[in-house]
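Biologist: I would like to go through the aromatic packing in this model, one point at a time. Please give the reasoning before each result.

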Amino acid sequence: MSDTPFGFGLPPEEPDDGDEGKKKDPQSGGGQGPAGPFGFGVPGAGGFGGPGADNPFAAMFGSLNPNDLGAAFQQLGQMLSYEGGPVNWDMAKQIARQTVSQGTAEGSKDASVGPADRKAVEEAVRLADLWLDDATSLPSGANSAVAWSRAEWVEATLPAWRELVDPVAERVGNAMGDVLPEEMQAMAGPLIGMMRSMGGAMFGTQIGQAVGVLAGEVVGSSDIGLPLGPARRAALLPLNIETFGKDLGVPQEEVRLYLALREAAHQRLFAHVPWLRSHLFGAVDGYARGIKVDTGKLEDVVGQFDPQNPEQLQEALQQGMFQPEDTPEQKAALARLETALALVEGWVDAVVHAAAKPRLSSADALRETLRRRRASGGPAEQTFATLIGLELRPRRLRDASRLWASLTDARGVDGRDALWAHPDMLPTATDLDDPDGFVHREQIDFSELDKMLGEAADKPGLKKEKNEGEDENKGDGSE
């Protein structure tokens, strides 16, 4: 897993000798060649993807040749004139598709899904749904099963990414204007507009690269615990499943079936718990609202902003401009989000294990592999950590899984799944510390409540009041 922001490789670093290295003669092999007006290398001198492509647009223009110079600057003009939302999603989509087409770091290239793989995925999801019928009271949640290429995954999940990222990006755009003194804001209108356009482009660039890299690793539509794909459509990526199972020593059919169980379980949960999607997305938004922009860092960027060096904004975004506020409200928002993610992933983990354990000899090994994979994080978690200071990682997955298993033993499948009827019925972060205590306490509360109600109903005073009330009602009716 990459240690760089978002899990994707950054452009080549500056030479050790800093600016002096840039001044070297390009013929010496150590220089980067003359720079173009917007930080692009001049064609033929290391520009457009060569050694000089150390700018934030290298991902977009890296494959251009000198004959495409006009088209490159035309695209740059469109970028600067962008007046849409806080993120340039057209750019994000384009860069994500380009990142996918370049292949993964291991050299795996995307390819269209063939009929054989599509049929294998459909059969795996169908069998997974049959197995899950014994492990959960929630019925099948998928109306169809599809096999996606990486590019198809990008297309299908971008709407969800937009919903998650736009609110935070909007705050950055507003902050760009707010950091200027009020008396300067009127005069700096055009500059602020350009900076916001560039900010949208930079967010689009980074989100596009992150989503493109993530497309090379995900195995379905719900890998990160959020419903990123269309509702009621179970989706698997055959190419990534093959890569995932390559060194596990497990038959490919078992790997595919186990991952189909996880995808189908997620689909059941999100399809039959109607409030869950908005609950999770709302938890992300609630936490993001408590993130403050590092105005000091942003002021430095604004004060030194050079329209000919737009990569300054890129560098600021890569370093992260967000800091969580150290308030009780923000800590509570983070706890709610982490608990919600853990409960979703823990339930899926417990249900899939119950369905797979009696039928797959590799169930334990695959379970542990996926747990470690989620715990280690990846491009999606790193994207959010940098852009909004948030890691979408179920830190308490094992605790949540144990809690759901305890509930199954104590109340059965129906009693366990009944907790999804309302968010207030779900365990809290404190309950994850003591799963057995939560199960025991809930059982006592219900039984004691029934006993108290029964005793109260037998009290003479209550009976008298009840009879008097009935007599009055009868009298009203006779009149």
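Biologist: Leaving aside neighbours within four places in sequence, which residues is Trp-420 in contact with?
Modeller: This is a predicted model, so what follows is computed from predicted coordinates. Neighbours of Trp-420 within four places in sequence are left aside. The contacts are then Leu-269, Val-273, Trp-275, Leu-276, Leu-343, Val-344, Trp-347, Trp-404 and Leu-426.

Biologist: Is Trp-420 buried or exposed?
Modeller: The cut-off for buried is under 20% relative accessible area. Trp-420 has a relative accessible area of 4%, so Trp-420 is buried.

Biologist: Which helix gives the largest share of the largest nonpolar core?
Modeller: That core has 91 residues, and Trp-420 is among the members that touch the most others, together with Trp-153, Trp-161, Leu-276, Trp-347 and Trp-404. The largest share of the core is 14 residues, and the helix they come from is H14, residues 328–356.

Biologist: How many aromatic pairs are there, and what is the geometry of Trp-275 with Trp-420?
Modeller: The count comes to three aromatic pairs. For Trp-275 and Trp-420 the ring centres are 6.3 Å apart and the planes are at 35°. Planes under 30 degrees apart would count as stacked and over 60 as edge-to-face. The pair of Trp-275 and Trp-420 is therefore tilted.

Biologist: How many residues apart are Trp-275 and Trp-420?
Modeller: Trp-275 is in the loop between helix H10 (252–272) and helix H11 (276–289). Trp-420 is in the loop between helix H17 (397–417) and helix H18 (429–433). The pair links distant parts of the chain, and the separation is 145 residues.

Biologist: Is Trp-275 buried or exposed?
Modeller: Its relative accessibility is 16%. The cut-off is under 20%, so Trp-275 counts as buried.

Biologist: Is the pair of Trp-404 and Trp-420 stacked or edge-to-face?
Modeller: Both residues, Trp-404 and Trp-420, are buried. Their ring centres are 5.3 Å apart, with 20° between the planes. Planes under 30 degrees apart meet the cut-off, and the pair of Trp-404 and Trp-420 is stacked.

Biologist: Which residues do ring pairs link into a cluster?
Modeller: Trp-420 pairs with Trp-275, and Trp-420 also pairs with Trp-404. The cluster linked by ring pairs is Trp-275, Trp-347, Trp-404 and Trp-420.

Biologist: At what angle do H11 and H14 pack?
Modeller: Residues of H11, including Leu-276, Leu-280 and Val-284, meet residues of H14, including Leu-337, Leu-341 and Val-344. The crossing is left-handed. The helix axes are 9 Å apart, and the angle is about 145°.

Notes. Residues numbered from 1 in each chain as written. Predicted model: local features only at pLDDT ≥ 70, side-chain atom pairs only at ≥ 80, totals over all residues. Heavy atoms only, no water. Core = buried A, V, L, I, M, F, W, Y, C linked by side-chain atoms within 4.5 Å. Buried < 20%, exposed > 50% of the residue type's maximum accessible area, 1.4 Å probe, protein only. Helix = DSSP H or I, 4+ residues; strand = E, 2+ residues; numbered from the N terminus. Contact = heavy atoms within 4.5 Å. Phe/Tyr/Trp six-rings, centres within 6.5 Å; stacked < 30°, edge-to-face > 60°. Axes fitted to C-alpha atoms, helices over the stretch in contact; angles between N-to-C directions. Left-handed = near helix turned anticlockwise from the far one by under 90°.
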